[in-house]
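Grab your viewer and work through a few exercises on this model. Each one comes with a worked solution.

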Amino acid sequence: MTPAADPGPAPGHTEDGAGDAPGGTRTDGDSPLTDDDPAGLSYEQARDALVEIVRRLESGGDSLEESLRLWERGEALAARCEQWLDGARERMDALLRTREQDGPEDAGS
């Protein structure tokens, strides 16, 4: 399965944390911690969201219920990252097979 083209940064995403409430909780609909389907995320978006979830879980400040929700979201994001990596592996394997089928290149070139 080859991933779709990278959709680019999520709308409203800013590097300075704009849209974040005090304490780092996102207030807009773009939060990586939302339960939206991660299928539309690029590898980088899914990875960054997963890093944020790990940070939150490691801090230990959330309730058990919230921690479980974050864990489940992290599992979905990890699966999305794996899809991207599998697709990249398949593309590399295909390129290598094509190169091998074309035969060795002239060593004198």
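**Warm-up: the whole chain**

Task: find the accessible surface of the protein chain and the part that belongs to carbon and sulfur atoms.

Solution: The accessible surface comes to about 7700 Å², with 55% of it belonging to carbon and sulfur atoms; areas come from the Shrake-Rupley method with a 1.4 Å probe, and for residues only the protein chains shown count as cover. Before going on, note that this is a predicted model, where local features need pLDDT of at least 70, side-chain atom pairs count only at pLDDT 80 or more, and totals for chains, interfaces and linings use all residues. Residues are numbered from 1 along each chain as its sequence is written, and side-chain values use heavy atoms, leaving out hydrogens and water. Next, the chain has 2 helices and 0 strands (DSSP runs numbered from the N terminus: helices are H or I, at least four residues; strands are E, at least two). Of its 109 residues, 18% are buried (under 20% relative accessible area; exposed is over 50%, partly exposed in between; 1.4 Å probe, protein chains only).

**Helix H1**

Task: work out which residues of H1 are buried and how they are arranged.

Solution: Start with Gln45, Ala46, Ala49, Ile53 and Arg56, the buried residues of H1. Down the helix axis they fall within an arc of 95°, so they line one face of H1 (the arc is that of the directions from the axis to the C-beta atoms). Their cover includes helix H2 (64–101). Now flip to the face turned away from the buried side: it carries exposed Val51, Glu58 and Ser59. Finally, glycine 60 follows H1, with a positive phi near 70°.

Technical notes: Contact = heavy atoms within 4.5 Å.
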